[in-house]
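Here are my notes on the model you sent over. Have it open beside you while you read.

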Amino acid sequence: VNNARRRIRLPPNQASACASYLSTCVEGFGEGFLDLKGVCSVVAEADILDIKVSGDSTQRQRLVRLYEKGQLNHHFTLILSGKVEVSSGDSMRFKSEHGAW
């Protein structure tokens, strides 16, 4: 199993595309909070975590945990490519899969 993580910055065109998406589709980034230029600045300066995971599906399930139940976070996750599986509910048995954007 290989789990590679590295911090990167988005190229300006990708930062602009993400900012446009966030400002029009995600509450808290739209009108009344930040204008598009402000959102673009936040995205352009944000730490981007590039995670690449290889191995069989059973091994991958245990490799990367983005959030822990009951722990407060001050960041959000925007999937640019690939997919993520979300486990929720009291027993964490409800699973849903989500892709980019």
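**Notes on the hairpin, the salt bridge and the cysteines**

1. Start with the hairpin: β3 and β4 form it with five residues between them, and Gly89 in the turn has a positive phi of about 95°. Strands here are DSSP runs of E with at least two residues, helices are runs of H or I with at least four, and both are numbered from the N terminus. Before you lean on any of this, note that the model is predicted: local features need pLDDT of at least 70, side-chain atom pairs count only at pLDDT 80 or more, and totals for chains, interfaces and linings use all residues. Residue numbers run from 1 along each chain as its sequence is written, and side-chain values use heavy atoms, with hydrogens and water left out.

2. On the pairing itself, β3 and β4 run antiparallel and are joined by six bridges. For two strands to count as paired, DSSP has to find at least two bridges between them. One contact to look up is Glu85, whose bridge partner in β4 is Glu97.

3. Glu97 turns up again in the salt bridge, where its partner is Lys83 and the closest N and O atoms are 3.5 Å apart. The two ends sit in distant parts of the chain, 14 residues apart: Lys83 in strand β3 (residues 83-88) and Glu97 in strand β4 (residues 94-99). A search of the whole structure turns up one salt bridge (a side-chain nitrogen of Lys or Arg within 4 Å of a carboxyl oxygen of Asp or Glu).

4. How exposed are Lys83 and Glu97? Lys83 has 60% relative accessibility and counts as exposed; Glu97 is exposed too, at 53%. The cut-offs are under 20% relative accessible area for buried, over 50% for exposed, and partly exposed in between, using a 1.4 Å probe and protein chains only.

5. Now the cysteines. The whole-structure search gives zero disulfides, a disulfide being a pair of cysteine sulfur atoms within 2.5 Å. Why is Cys18 unbonded? The closest cysteine sulfur, in Cys40, is 9.2 Å from that of Cys18, so it is too far for a bond. Cys18 counts as buried at 4% relative accessibility, while Cys40 is partly exposed at 23%.

6. Last, a look at Pro12, which lies in helix α1 (residues 12-25). Pro12 is exposed, with a relative accessible area of 68%. Its C-alpha atom is separated by 8.9 Å from that of Cys40, and the two residues are 28 apart along the chain.
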